[in-house]
Amino acid sequence: MQQLEPFYEKKLTCIFCDKPFTSLRVRSRFSIPYQVDSDFCPHYREGNYDPHLYFVNVCPECGFSFSEEFSKQFPKGTKEIIRDQITGHWTKRNFGQVRDIQHALESYKLAILAGSLKKEKNAVLAGLCLRLAWLYRSENNSEQEKRFMGMALNAYEESFVLSDFVGTSMSELKVLFMIGELSRRMGEYQKAVSYFSKVIQHKDAKDEQKMVNMAREQWRVTVEEKRQIGEE
Ligand SMILES: [Zn+2]
């Protein structure tokens, strides 16, 4: 019987320069987390493959980096800015093979820059910042983890205000939950509690019971943490 490889090659087309390239993906049966944190960060045992290392596609030709959540539209004037800041001085490099953590970290930073210049949806940028924070968590680098968690928090707040999560994998309830949970992790307890309450009292609450139950639990955790800090 043929041994199933953990990786397969995904054929892609660069959304900036239209050139074809390939990038590796991890087969789902090789990436089963043994634990998922309250902000949905998955943890993998050694020997398992972290699919988040391969979430970002980096075009080897022009350096434009994007996830599958990026739209193909470039608002007027953004292509010129991207040419000026990224693709115009890109030295050809290939991120399409097995990635180590350093390559993965770099791929996210490239995609956050490319997405910001392209004026990609805040919900999409938030997802990139959050996944990058998770990679730093797996490296026990709490300073960088906090830095990108803070950026994810700002982007989710902006996304909520502009409702730009519509058409992405995020629902309004999930955006509100993430604002609450990331605020809690940043030590902003008052804000965390108010956002968990927004989830619990939301008009769509009955359709997303799992999210509501998580908000109730994290509300309780936040109140407990706040109380403990107040007592010190
Ligand atoms: Zn390209």
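In this predicted model, Lys-11 has Thr-22 of β2 as its bridge partner, and this pairing belongs to a wider one, since strand β1 (residues 7-13) and strand β2 (residues 20-26) run antiparallel and are joined by 7 bridges. Between the two strands of this hairpin there are 6 residues, and Asp-18 takes a positive phi near 70 degrees there.

A positive phi is also found just after α2, where Lys-119 has a value of about 60 degrees. The two residues are set out below.

| Residue | Place | Phi |
|---|---|---|
| Asp-18 | hairpin of β1 and β2 | positive, near 70 degrees |
| Lys-119 | just after α2 | positive, about 60 degrees |

Helix α2 itself has 17 residues and spans 25 Å from its first C-alpha to its last, which is close to the expected 24 Å. Its buried residues include Ala-104, Tyr-108, Leu-110 and Ile-112, and the buried residues of α2 pack against β5 (57-58), β6 (65-66), α1 (78-85) and α3.

The largest nonpolar core holds 56 residues, and among those with the most contacts inside it are Phe-64, Cys-129, Ala-133, Ala-152 and Ile-179. At least two residues of this core come from each of α2 (101-117), α3 (122-138), α4 (142-162), α5 (172-185), α6 (189-200) and α7 (209-231), with α3 giving the largest share, 12 residues. In soluble globular proteins, nonpolar side chains tend to be buried together.

Which residues is Ala-152 in contact with, leaving aside its neighbours within four places in sequence? They are Ala-126, Cys-129, Leu-130, Ala-133 and Leu-182.

Key:
Residues are numbered from 1 along each chain as its sequence is written. This is a predicted model: local features need pLDDT of at least 70, side-chain atom pairs count only at pLDDT 80 or more; totals for chains, interfaces and linings use all residues. A nonpolar core is a set of buried Ala, Val, Leu, Ile, Met, Phe, Trp, Tyr and Cys residues joined through C-beta atoms within 7 Å. A residue is buried if 20 or more other C-beta atoms lie within 10 Å of its own, exposed if 12 or fewer, and partly exposed in between; C-beta atoms are placed from the backbone. Helices (H or I, at least four residues) and strands (E, at least two) are DSSP runs, numbered from the N terminus. Two residues are in contact if their C-beta atoms, placed from the backbone, lie within 7 Å. Two strands pair if DSSP finds at least two bridges between them. The expected span of a helix is 1.5 Å times one less than its number of residues.
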